[in-house]
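Biologist: I am new to reading protein models. Could you walk me through this one, a question at a time?

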Amino acid sequence: MLIKRNLYNDIKKHLKAKEISIIIGPRQVGKTTLMMELLNSLKNDGKKVLFLNLDYEADKRFFESQDLLLSKIKLEIGTDGYVFIDEIQRKDNAGLFLKGIYDSDLSYKFIISGSGSLELKEKIQESLTGRKRLFELLPVTFKEFINYRTEYKYVNKLNTYFELENKNTELLLNEYLSFGGYPRVVTENNLEEKRKIIDEIYRSYIEKDIVNLLNIDRPDAFSLLIKILSSQIGRLLNYSQLAAAIGISTITLKKYLYLAEKTYVIQTIGPYSGNSLKELTKSRTVYFYDYGLRNFSNDSFMLLQNQNECGFVFQNFIKNLIDEHLLWKNWILNFWRTTDKAEIDFVINKSSEIIPVEVKYTALNNLTVKRSLRSFIEKYSPQRAFIINMRYSNQIIINKTKVIFIPFYKLITENIFDENLK
């Protein structure tokens with residue numbers, strides 16, 4: 001059974017636009033599979049299509065010049081149709097190459113994909129300004145995972161499923177937080193095979209992206225950095241300590257962090273500050289795109305058992321769910337820390353409103369609000385604050401702030417940050 005990706009419909013709608021549709025993301029998250037779904041849908045509608053893959057030598061030769069590629073396209077599908085090009089990062093100066101073809105104003109719609117190398121994310125974007133739309137395909141989301149594992153029986157009633165099937169929901173959540181969202185890992189049932197697959201994905205990333213594409217001369221140091229970061233989820237990064245532990249300079253460390261972020265392994269977020277001297281304003285916190293990759297790096301690629309470790313991975317999970325709400329919005333996600341150790345996991349800055357979010361990996365059963373959130377409320381008087389937990393729903397007013405206790409699955413089924421105050 002195929003995992004249905006939410007991005008499919010967004011890209012399908014964009015097939016009507018002249019702009020180039022570019023699908024980017026980490027290795028092995030299903031970009032080629034998604035392209036083939038789109039291609040087959042077009043074929044079924046009687047459209048003319050061509051698929052080329054720069055990983056294939058037989059296809060790669062047609063990219064020696066724009067004229068040669070256009071001749072190949074015309075031979076196969078005539079003067080109009082849909083052209084799919086996979087692994088475009090293999091082409092030097094791909095952005096300029098595609099720009100020249102696009103500016104020829106031909107009747108071809110291009111759908112391009114490639115792994116998240118810096119060449120693809122930055123140079124192509126710069127060359128194709130105003131000529132493309134970027135679609136990021138990331139590891140399978142929890143919503144996609146749940147629908148796949150429940151064989152799409154509850155697609156339009158997930159909220160009810162979560163409320164009625166607490167035990168199954170938590171079992172599936174634990175599986176997802178343990179093994180992550182790479183499609184081949186999700187669809188594999190054997191635990192040892194899951195480990196081998198994630199090992200292959202990680203080695204492929206290090207060898208192909210980090211060593212070959214980005215010319216990192218210390219892949220051992222880079223791997224050690226990822227391993228150390230896997231135990232630092234949600235914690236402040238100390239650059240000098242990290243650099244010393246790895247045996248590299250602070251400058252090299254910052255370069256490695258930048259590359260890890262640009263190639264979809266980690267994400268960092270900065271602090272929220274109201275310019276108080278008591279607030280920390282320099283350090284960033286780190287999170288992972290995929291929990292399976294994180295757990296593999298941390299030598300804990302099995303069902304999570306340690307409650308403390310589960311808590312940090314769950315916090316990472318909530319961060320990624322919040323990111324889904326921030327997609328296509330001009331909102332900023334921060335954290336909040338003070339020198340007297342008050343801290344808020346996340347602060348959503350909507351410019352017109354700030355929303356503090358606390359994460360609790362437990363099934364709360366009362367309206368307890370801890371000191372840190374009370375301190376934030378007292379200082380900033382937000383209209384709303386959220387305490388995201390496993391099952392508990394309720395709310396309380398502190399000063400004039402509505403503090404909303406909400407189960408994590410509401411982030412999947414409702415637009416809770418978009419709703420107006422009631």
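Modeller: Happily; we will go from the overall chain to its sheets and then to its helices, keeping in mind that this is a predicted model.

Biologist: How many helices and strands does the chain have?

Modeller: Both kinds of secondary structure turn up here, so it helps to count each kind by itself. The strands come to 13, and the helices come to 18.

Biologist: What radius of gyration does the chain have, next to that of a compact globule?

Modeller: Let's begin with the extent of the C-alpha trace, which spans about 70 × 50 × 45 Å along its principal axes. For 422 residues, a compact globule would have a radius of gyration near 22 Å. The chain agrees with that, since its own value is 23 Å.

Biologist: Now the sheets. Which strands stand at the edges of the open sheet of 5 strands?

Modeller: This sheet has parallel pairing and the order β2-β3-β4-β1-β5. An edge strand has a single partner strand, so one of its sides is left without a neighbour in the sheet. The two strands that fit this are β2 (49-53) and β5 (132-136).

Biologist: What is the average twist in that sheet?

Modeller: Picture stepping across the order β2-β3-β4-β1-β5. From one strand to the next, the twist averages 15°.

Biologist: Which residue in β4 stands opposite Ile23?

Modeller: Strand β1 covers residues 20-25 and strand β4 covers residues 107-115. These two run parallel and are joined by 5 bridges. Opposite Ile23, in β4, you will find Ser113.

Biologist: At what angle does helix α2 run to β3?

Modeller: Helix α2, made of residues 31-44, lies across β1, β2, β3 (80-86) and β4. Its angle to β3 is about 165°.

Biologist: On to the open sheet of 6 strands. Which strands are at its edges?

Modeller: Here the order is β8-β9-β10-β11-β13-β12, and the pairing is mixed. Each edge strand has a single partner strand, so one side of it lacks a neighbour in the sheet. The edges are β8 (332-337) and β12. As for how neighbouring strands are turned against each other, direction ignored, the average is 25°.

Biologist: Do β11 and β12 pair with β13 in the parallel or the antiparallel sense?

Modeller: Strands of a sheet pair through backbone hydrogen bonds, either parallel or antiparallel. Strand β11 (residues 384-389) and β13 are joined by 6 bridges and run parallel. Strand β12 (residues 394-398) pairs with strand β13 (residues 401-407) over 5 bridges, and the sense is antiparallel.

Biologist: What are the bridge partners of Asn389 and Asn394 in β13?

Modeller: Take them in turn. Asn389 has Pro407 as its bridge partner in β13. For Asn394, the partner in β13 is Phe405.

Biologist: Which residue in the turn between β12 and β13 has a positive phi?

Modeller: β12 and β13 form a hairpin, with 2 residues between them. The residue in this turn with a positive phi, about 55°, is Asn399.

Biologist: Let's finish with helices. Is α12 oblique or roughly perpendicular to α13?

Modeller: Helix α12 (residues 219-229) and helix α13 (residues 239-246) have axes 10 Å apart and pack at about 130°. Because this angle lies outside the 65 to 115 degrees for roughly perpendicular and is not over 145, α12 is oblique to α13.

Biologist: What is the hand of that crossing, and which residues of α13 make the contact?

Modeller: The crossing of α12 and α13 is right-handed. From α12 come Ala221, Leu224, Leu225, Ile228 and Leu229. By class, the contact has 8 nonpolar residues, no polar and no charged. On the α13 side, the residues are Leu242, Ala245 and Ile246.

Biologist: How is α13 placed against α14?

Modeller: α13 packs with helix α14 (residues 250-262) at about 95°, and the axes are 9 Å apart. An angle from 65 to 115 degrees counts as roughly perpendicular, so α13 is placed against α14 in a way that is roughly perpendicular.

Biologist: How many nonpolar residues are in the contact of α12 with α14?

Modeller: These helices pack at about 75°, with axes 11 Å apart. Among the residues in contact are Phe222 and Ile226 of α12 and Tyr256 and Ala260 of α14. The contact holds no polar and no charged residues, and its nonpolar residues number 10.

Terms used: Residues numbered from 1 in each chain as written. Predicted model: local features only at pLDDT ≥ 70, side-chain atom pairs only at ≥ 80, totals over all residues. Heavy atoms only, no water. Pairing = 2+ DSSP bridges. Helix = DSSP H or I, 4+ residues; strand = E, 2+ residues; numbered from the N terminus. Axes fitted to C-alpha atoms, helices over the stretch in contact; angles between N-to-C directions. Parallel < 35°, antiparallel > 145°, perpendicular 65-115°, else oblique. Left-handed = near helix turned anticlockwise from the far one by under 90°. Contact = heavy atoms within 4.5 Å. Nonpolar A, V, L, I, M, F, W, Y, C, P; charged D, E, K, R; others polar. Rg over C-alpha atoms; globule rule 2.2 N^0.38 Å.
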